[in-house]
Structures are given as C-alpha cells and as structure tokens.
Amino acid sequence: MPASASANGDRDGVAGPSSLLLPGQPLPPSFTKPPQPACGAGCYEHEGRILSSVVGRPRRDGAVVSVVGREEAGLMPEIDAVAHLTISTVNNRPVPESSEDFVGVIRVADIRLTERDKVKMGECFRLGDIVKAKVLSLGDARSYYLSTAANELGVVYATSESGNPLLPVSYQEMEDSVTGRTERRKVAKPEGV
C-alpha cells in the first residue's frame, strides 16, 4: 500500500497532502518561523525566503528544513504492490482511483481473470467503494495501471444505494446489512476464508 501523509496535517514533521510544493514555491510559514532554519535537500534560500527546488512536501528536522519528494519519501508504489484505494469516477472508460498521492486506472480487461468480455464497469465498482488492487505498471505520466483480476482483489468495503454497509455474499454480489438487498460488485475474497 502506498505510504502517504495524513490528510490531518503533519506526520513525523512532514506536511500533509495539501502542502505539496512545486519548484520555486516558498515553504509554509510554520516550517520557516524564527530562528531562520538552514536549507537542506530539496530547497534553497532566495532573497530571505526558503523555496522548494523539487516537487514534494516540506519537512523540518530541528534547525534544518528540506523538501522531500515522492522517491525520497518512499511514496512511489512498486510494481506488484497491493494498494487500498477509493473509487472516484465510474464510466464506460477505465475507472480512475485516487489515494492522497496517486491516481490509478483499472481497465476493463484488468477487472477479472475470466469472463472479461462480459464485464460491465458499473456492476463492478461504484463511487466511494474501497478497492484492494495490485499495481501492474506505471501507465502514463499521471497514473498507474491497476488490476483486480485475482480472487483476493476487488471491493473490500462498500455502502449500498441506501447508505448502509454492504457485506460480501459471493464473488460478484454484496448484501445491504439492513435491507438485505443485493448489489453487484467485483468482490475481494475476504481474508481468512
């Protein structure tokens, strides 16, 4: 699962996801308050301000500030890594997913091992579903290609159209825990079963 900074702010002296800096942007005041810190990796001083020299998140370690890029922070997912992601869009094209730091695409051909020609994206995933997927490869400059084509991969948590939690009942159906109504999903095999 890709490591990422918490949405709630600093974690171990690293700023949260809203503090992603681009080269040339100044570090937030909370990282540069007096006494003026020394510049570490990924930043430089210009006209009395500390600016980022890489895409990354600011970090302060005592009297030294730095900007940590994804590679240095170990935030780049590796091929064959398993990630838990939230579905953010569903349509007839690939399904983009996003965590705090990455965008992934599940192509129709990468949803199931069998019956690939019968797959309907809207019957496999819905907005807000939490999906366990495997990183296949770096797709384009903006996203990773992901797969749920294994029994243990797929939807691990979902809510019904009524907003109630869904429980897995088969590899392609989940049941509303309150109403008993079933909905179609590409369900991950529950752990320990």
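**Sheet, salt bridges and cores in a predicted model**

Leucine 166 has aspartate 176, in strand E13, as its bridge partner. Strand E13 covers residues 173-176 and is joined to E12 by 4 bridges. These two strands run antiparallel. The sheet they belong to is open and has 3 strands, in the order E12-E13-E14. Its pairing is antiparallel. Strand E12 (166-170) and E14 occupy the edges. Each has a single partner strand, so one side of each is left without a neighbour in the sheet. On average, neighbouring strands here are turned by 35 degrees against each other, direction ignored.

The model is predicted. Mean pLDDT for the protein is 77, and 77% of the residues reach 70 or more. Confidence varies by element. Strand E14 (residues 182-184) has the highest mean, 95. Strand E7 (residues 95-98) has the lowest, 49. Over residues 1-18 the pLDDT is below 50. This stretch still has 43 contacts in the model beyond near neighbours in sequence. Where pLDDT is low, the predicted coordinates should not be read in detail.

The protein has 193 residues, of which 36% count as buried. Its secondary structure consists of 3 helices and 14 strands. Among contacts with a separation of 6 or more, 55% come from residues 24 or more positions apart.

The structure holds 9 salt bridges. One of them joins the side chains of glutamate 123 and arginine 184, at 3.1 Å from N to O. Glutamate 123 belongs to helix H3 (residues 121-124) and arginine 184 to strand E14, so the pair ties together parts 61 residues apart in sequence. Glutamate 123 counts as partly exposed, because its relative accessibility is 30%. Arginine 184 is also partly exposed, at 33%.

A second link to strand E14 is made by glutamate 183, in a salt bridge with arginine 126. The closest N and O atoms of this pair are 2.9 Å apart. Arginine 126 sits in the loop between H3 and strand E9 (130-138), and glutamate 183 in strand E14. The two residues are 57 residues apart, and the pair links distant parts of the chain. Glutamate 183 is buried, with a relative accessibility of 5%. Arginine 126, at 27%, counts as partly exposed.

Glutamate 183 also forms a salt bridge with arginine 185. Here the closest N and O atoms are 3.0 Å apart. Arginine 185 has a relative accessibility of 1% and therefore counts as buried. Through shared partners, salt bridges join Arg126, Asp129, Glu161, Arg181, Glu183 and Arg185 into one network.

Nonpolar packing was examined next. The largest nonpolar core has 19 residues. Those with the most contacts inside it are Ile106, Ile111, Phe125, Val131, Leu146, Val155 and Met174. The elements giving two or more residues to this core are strand E6 (82-87), H3, E9 and strand E10 (144-147). Another core, of 7 residues, lies apart from it. Leu21, Leu27, Ile50 and Val65 are among its members.

Two loop positions were also examined. Alanine 150 lies in the loop between E10 and strand E11 (154-157). Its relative accessibility is 15%, so alanine 150 counts as buried. Leaving aside neighbours within four places in sequence, alanine 150 is in contact with Leu113 and Lys186. Its C-alpha atom is separated by 9.0 Å from that of alanine 133, which is 17 residues away along the chain.

Proline 35 occupies the loop between helix H1 (29-32) and strand E1 (38-39). Proline 35 is exposed, with a relative accessible area of 64%. The C-alpha atoms of proline 35 and alanine 63 are separated by 8.1 Å. Along the chain, these two residues are 28 residues apart.

How values were computed. Residues numbered from 1 in each chain as written. Predicted model: local features only at pLDDT ≥ 70, side-chain atom pairs only at ≥ 80, totals over all residues. Heavy atoms only, no water. pLDDT = per-residue confidence, 0-100. Contact = heavy atoms within 4.5 Å. Pairing = 2+ DSSP bridges. Axes fitted to C-alpha atoms, helices over the stretch in contact; angles between N-to-C directions. Salt bridge = Lys/Arg side-chain N within 4 Å of Asp/Glu carboxyl O. Buried < 20%, exposed > 50% of the residue type's maximum accessible area, 1.4 Å probe, protein only. Core = buried A, V, L, I, M, F, W, Y, C linked by side-chain atoms within 4.5 Å.
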